[in-house]
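Biologist: Please take a close look at one part of this protein, the annotated active site, and set it in its surroundings.

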Amino acid sequence: MKKIAVFTSGGDAPGMNACIRAVVRTAIFHNIEIYGISYGYDGMINGNIKRMHSYSVSNIIQRGGTILKSARSEDFRTPEGRKKAFAKLTEQGIEGIVAIGGDGTFTGAKTFFEEFGMPIIGCPGTIDNDIYGTDYTIGFDTAVNTALEAIDKIRDTAAAHDRIFFVEVMGRDSGYIAVECGIGGGAEFVMVPETKTDLNKVVKSLKNLRKSKSSSIIVVAEGDEEGGGEEIMHKVEEKLKDADKDFKVTTLGHIQRGGNPTARDRVLASRCGMAAVEGLLKGEQNCMAGVVNGEVVYTPFADCIGKSKALNEDHLRLIEILSI
Ligand SMILES: Nc1ncnc2c1ncn2[C@@H]1O[C@H](COP(=O)(O)OP(=O)(O)OP(=O)(O)O)[C@@H](O)[C@H]1O
Ligand SMILES: O=P(O)(O)OC[C@H]1O[C@](O)(CO)[C@@H](O)[C@@H]1O
Ligand SMILES: [Mg+2]
């Protein structure tokens, strides 16, 4: 293998740049020509592919976002789009690919590998932490710390006004950010898509809690089946309308996707990036390089997207017990 390419895809995640840097520098270390594809799968289809050098990734380890840009590509979901992408890659003589992204990116990568046999390895780049085959995904730790900082600030004003605050965090299908912030932020409740939310139980507990606490923080993952923060707040408000309580909602939104990556994300990104390139050189393909129990492991894309990484039940119990 003499020429490989790297791209970022799906929602950007802090640490993607550190991962690009690791891929580029590891490839150069092994005398491999490295190319950057801009705008994810769209860039592949449009031939937006450029040679990278060691200096191309100078001074980016600390930066959020992705210097290669990211995109959600509708065209790549079609066989015609993927055919075009393969043609553009072969035109440039690309023999292997590192895909930095989430479950959707790996679903596309798996199909691409099956259709064209192009060796491809993934690095888990998503704030959602919803990928099997790695304990944490690149960007998750930073997103959680960003949300936590906001929750700490909300707590000050919630306490000052005796209010019940609903804080909506990201996670369309995943409650990892919500649970981690719930524990770290001392939330009274956490509502996540993975478990059924019983609003009557929440209302009952809120009534009891109010005897010992004057304010409450409730963390809601945006994809909870009862709705986002706003909708859930209105539902709870309706059920507690005689109780003379003051409700507020804060949606943290895309603030969680930006900012300088934490040390933990930079280290994870660097390890996965290096492992992806060295994996390709050793013949690994159609899989993701992740870190499980401190060790680099390669997990087939089929498992990364097919097996679910269940939330830790103990974490949910922890929130319930510590909120009394
Ligand atoms: N079934 C599929 N077939 C082909 N390509 C796909 C498929 N699913 C996803 N993709 C491609 O992967 C891209 C990224 O997927 P998606 O938007 O789900 O983000 P992701 O990689 O899961 O990251 P995140 O969840 O962090 O945003 C899609 O825009 C699409 O181009
Ligand atoms: O930025 P977009 O395309 O609106 O996507 C938002 C989604 O992306 C993520 O940030 C990452 O998958 C989700 O948590 C969120 O639901
Ligand atoms: Mg995803």
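Modeller: The site comes first, then the domains and one helix.

This is a predicted model, in which local features need pLDDT of at least 70, side-chain atom pairs count only at pLDDT 80 or more, and totals for chains, interfaces and linings use all residues. Residues are numbered from 1 along each chain as its sequence is written, while chains are lettered from A and ligands numbered from 1 in the order in which they are written.

UniProt, in an unreviewed entry, places the feature "active site" at Asp128; such annotations may be inferred rather than shown by experiment, feature names are shortened, and positions follow the numbering used here. Asp128 sits in the loop between β5 (120-124) and α5 (140-161); helices (H or I, at least four residues) and strands (E, at least two) are DSSP runs, numbered from the N terminus. With 25 other C-beta atoms within 10 Å, Asp128 is buried (20 or more such atoms; exposed is 12 or fewer, partly exposed in between, with C-beta atoms placed from the backbone). Leaving out residues up to four places away in sequence, Asp128 touches Gly102, Thr137, Gly171, Ser174 and Tyr176, contact being C-beta atoms, placed from the backbone, within 7 Å.

The domain assignment gives domain 1 (3-139 + 261-306) and domain 2 (143-257), with bounds from an automatic or database assignment. Their C-alpha centres lie 34 Å apart. Nine residues of domain 1 are in contact with 10 residues of domain 2.

In helix α8 (residues 229-239), the buried residues are Gly229, Ile232, Met233 and Val236. These cover an arc of only 105° around the axis, so they are on the same side of α8; the arc is that of the directions from the helix axis to the C-beta atoms.

Key. Contact = placed C-beta atoms within 7 Å.
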